[in-house]
Amino acid sequence: PQEPTFRDVLFGFIKQKGFKKHSDVYNACQVKRDTFNAIKKGRNYGVSKRTVMQLCFGLKLNYDEAVVLMASAGYAFAPSSLTDVIVTYYLKHELYDIFEVNISLYDSGADLLFAE
């Protein structure tokens, strides 16, 4: 049997977390509307690792859920990546304040997660 696609896993979490409108999802995640719509419409949309991490925070996924979403997009948290280590810390402790995450990333010299 074929593994569920990233889109399938994402929309399963959206439903599970009780989001009613798609605009609530992409606003909470700080993902561009166009990006979200491309994911929604295209089963093979190549989403970036950064976008997947943004979705993890906006959907308030715990670490185990985040691992599932990341894997469905073909990614994993890398212990050799400072950004991944910081993001993992926040997800494991269920701390979803995106401003705190960005401050920690900035203070550590890592790329910001929530910035354009």
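Biologist: Which residue follows H1, and what is the sign of its phi?

Modeller: Gly18 follows H1, and its phi is positive, near 85°. The helix labels come from DSSP runs (H or I, at least four residues; strands are E, at least two), numbered from the N terminus. Keep in mind that this is a predicted model, where local features need pLDDT of at least 70 and side-chain atom pairs count only at pLDDT 80 or more, while totals for chains, interfaces and linings use all residues. Residues are numbered from 1 along each chain as its sequence is written, and side-chain values use heavy atoms, with hydrogens and water left out.

Biologist: Which residues of H1 are buried?

Modeller: Buried means under 20% relative accessible area, exposed is over 50%, and partly exposed is in between (1.4 Å probe, protein chains only). An α-helix has 3.6 residues a turn, so residues three or four places apart point the same way. In H1, residues 6-16, the buried ones are Phe6, Val9, Leu10, Phe11, Phe13 and Ile14. They pack against H2 (22-29), H3 (33-41), H4 (49-58) and H5.

Biologist: Is Glu65 buried or exposed?

Modeller: Glu65 sits in H5, residues 63-72, and counts as buried because its relative accessibility is 13%. Leaving aside residues up to four places away in sequence, Glu65 touches Phe13, Gln16, Lys17 and Lys60; contact here means heavy atoms within 4.5 Å.

Biologist: Where does Gln30 lie?

Modeller: Look in the loop between H2 and H3. Gln30 isn't a glycine, yet its phi is positive, near 55°. With a relative accessible area of 35%, Gln30 is partly exposed.
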